[in-house]
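Please examine the sequence and the model shown below. The paragraphs that follow lead from a single residue to the chain as a whole.

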Amino acid sequence: MEREIEVPNPNNGQPCKSVTLEDLKGKMADFAKGRDWDQFHSPRNLLLALVGEVGELSEIFQWKGEVPMKLPDWKEEEKLHLGEELSDVLLYLVRLSDICGVDLGKAALRKVELNAIKYSVKQCNGYNTAEQDV
């Protein structure tokens, strides 16, 4: 039997401000510290937890085939569940990067810049690589 959990409104009904990776990093560090979980948050353990969460996220799409952007045919509870699983993945990723001393925001921006060089607009625009032997 599923029990209902009352979820607190994080902003007391006020519009939410943008959340930064730093905000999440701090919240996750406080969350772990308050529960004395730092002892369990080794890079290996966090990575394995992250992989488990990616598996749970994958289960949501497993039998749906291709779905259109914005998921117009999904029920609200399905979208809520998707948001929860996406959040689990994000939170473990943020925690892992923090424990490893990696500035995830800077690393992500660097990766976007590297990909922009590797996959230039001129090279990719209007070109379907799915038809090629890659």
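Valine 94 counts as buried because its relative accessibility is 2%, and buried here means under 20% relative accessible area. The model in which this value was computed is a predicted one. Valine 94 is found in helix H3. Leaving aside neighbours within four places in sequence, valine 94 is in contact with Leu21, Leu24, Lys25 and Leu104. One of these partners, leucine 21, stands 73 residues away along the chain, yet the C-alpha atoms of valine 94 and leucine 21 are separated by 7.2 Å.

The backbone oxygen of valine 94 also has a polar partner: the side chain of serine 97 reaches this oxygen at 2.8 Å. Serine 97 lies in helix H3 as well, a helix that covers residues 76–100. With a relative accessibility of 9%, serine 97 counts as buried. When residues up to four places away in sequence are not counted, serine 97 touches Val102 and Leu104. Leu104 is thus a contact of serine 97 and also a contact of valine 94.

From H3 the description turns to the nonpolar core. In soluble globular proteins, nonpolar side chains tend to be buried together. The largest nonpolar core of this model has 9 residues in all: Leu46, Leu50, Leu57, Ile60, Leu71, Trp74, Leu82, Val89 and Leu96. Two elements, helix H2 (43–61) and H3, give two or more residues each to this core. H2 provides the largest share, with 4 residues. Leucine 46, a member of the core, touches His41, Tyr92, Arg95, Leu96 and Ile99, not counting residues up to four places away in sequence.

What is the length of H2, and where on this helix do the buried residues lie? At 1.5 Å a residue, the 19 residues of H2 should span 27 Å; the end C-alpha atoms are 28 Å apart, which agrees with that expectation. The buried residues of H2 are Leu46, Leu50, Glu53, Leu57 and Ile60. Seen down the axis of H2, these residues fall within an arc of 65 degrees, so they line one face of the helix. The cover over the buried residues of H2 includes H3. On the face turned away from the buried side, H2 carries the exposed residues Arg44, Val51 and Glu59.

The loop between H2 and H3 holds two residues with positive phi values. Lysine 70 lies in this loop, and its phi is near 70 degrees, a positive value in a residue other than glycine. Leucine 71 has its place in the loop between H2 and H3 too, with a phi near 50 degrees, again positive in a residue other than glycine. Are these two residues buried or exposed? Lysine 70 is exposed, because its relative accessible area is 77% and exposed means over 50%. Leucine 71, by contrast, counts as buried, with 12% relative accessibility, and belongs to the largest nonpolar core.

Finally, the chain may be considered as a whole. The protein chain has 5 helices and 0 strands, and from the N terminus on its elements run α-α-α-α-α. Of its 134 residues, 13% count as buried. The accessible surface of the chain comes to about 11,600 Å², of which 57% belongs to carbon and sulfur atoms. Among contacts between residues at least 6 apart in sequence, 66% join residues at least 24 apart.

Note on methods. Residues numbered from 1 in each chain as written. Predicted model: local features only at pLDDT ≥ 70, side-chain atom pairs only at ≥ 80, totals over all residues. Heavy atoms only, no water. Buried < 20%, exposed > 50% of the residue type's maximum accessible area, 1.4 Å probe, protein only. Polar contact = N/O pair within 3.5 Å; in protein donor to acceptor, adjacent residues only side chain to side chain. Contact = heavy atoms within 4.5 Å. Core = buried A, V, L, I, M, F, W, Y, C linked by side-chain atoms within 4.5 Å. Areas by Shrake-Rupley, 256 points an atom, 1.4 Å probe, with all protein chains shown as cover. Expected span 1.5 Å × (residues − 1). Arc of directions from axis to C-beta.
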